[in-house]
Amino acid sequence: MRHCLCRWMFVGCLSVLSVLGATVRAEEAKPQRVFAVLVGAAEVGDPDIQPRPAAAQDARAFYDLLVHPDYASADSRDVILLLTGDESQRPFRPATREQIIQAFSHVAAAAGKDDLVVVGLFGRGAPTGERTCLFVTGSTVKGRRQDALLPKDIEQAIKGLKSERVAVFIDIDFKGVKLDTTSAPEPNVICLLYTSP
């Protein structure tokens, strides 16, 4: 599954770069803003969830790419970095469920039709029924239906999103989590951001 996720992340990166490149080449294109919600949940505090330092590193790397003047050139105020640990070189917010939902709501309200919206979710997760959660600051394995980030949280927050240019990068590891059941089904990562009509 990890190889599949990495392959999709690579394809997604190419898609973002092609969108940005097409915008730059278009002679009469409108100025485009770039918005982002980047979550790096490296250590959430529950001993049943192993730390994943690479999650925070990936979120920071995405932030640096998006605000770099040679690439996306996004305004740092439009790129919301949420981390479970400390950060001294970049502006960030704590990666709590409430802060992440607020970040999605802010971007949904601010982004216009032609603006690019980038979402990056990095951390550990687990099944919650037929869907998947992302563990964030304060999450627990036993209480994940109440304290983890759930698909319905994101769906509600982005309900008013007008942007038609959205790129989503998900790297959620489902190992390193001691589940409260011995027969948990293989999680469906697509269910984190997708709702059937």
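Let me begin with Ala 36, which is buried, with a relative accessible area of 1%, and I should say straight away that we are looking at a predicted model. Ala 36 sits in strand β1, and although Ala 36 and Val 79 are 43 residues apart in sequence, their C-alpha atoms are 4.6 Å apart in space. If we leave out residues up to four places away in sequence, Ala 36 touches Leu 66, Asp 78, Val 79, Ile 80, Val 107 and Val 118.

One of those contacts, Val 107, takes us to helix α3, where Val 107 is among the buried residues, together with Ile 100, Ala 103, Phe 104 and Ala 108. Seen down the axis of α3, these buried residues fall within an arc of 130 degrees, so they line one face of the helix. What covers them includes the strands β1, β2, β3 and β4, as well as the helix α5. As for its length, α3 has 14 residues and reaches 20 Å from its first C-alpha to its last, close to the 20 Å expected at 1.5 Å a residue.

Now let us move to the loop between α3 and β4, where we find Asp 115. Which side chain of opposite charge is nearest to Asp 115? That is Arg 33, at 5.3 Å, and Asp 115, though buried, has no salt bridge. The side chain of Asp 115 does, however, have a polar atom 3.1 Å from the backbone nitrogen of Arg 33, and the Asp 115 side chain also reaches the backbone nitrogen of Gly 112 at 2.7 Å. Beyond its neighbours up to four places away in sequence, Asp 115 touches several residues, including Phe 35, Ser 163 and Arg 165.

Key. Residues are numbered from 1 along each chain as its sequence is written. This is a predicted model: local features need pLDDT of at least 70, side-chain atom pairs count only at pLDDT 80 or more; totals for chains, interfaces and linings use all residues. Side-chain values use heavy atoms; hydrogens and water are left out. Helices (H or I, at least four residues) and strands (E, at least two) are DSSP runs, numbered from the N terminus. Buried means under 20% relative accessible area, exposed over 50%, partly exposed in between (1.4 Å probe, protein chains only). Lys and Arg count as positive and Asp and Glu as negative; His and the chain ends are not counted. A salt bridge is a side-chain nitrogen of Lys or Arg within 4 Å of a carboxyl oxygen of Asp or Glu. A polar contact is a pair of N or O atoms within 3.5 Å; within protein, one must be able to donate a hydrogen and the other to accept it, and residues adjacent in sequence count only if both atoms are side-chain atoms. Contact means heavy atoms within 4.5 Å. The expected span of a helix is 1.5 Å times one less than its number of residues. The arc is that of the directions from the helix axis to the C-beta atoms.
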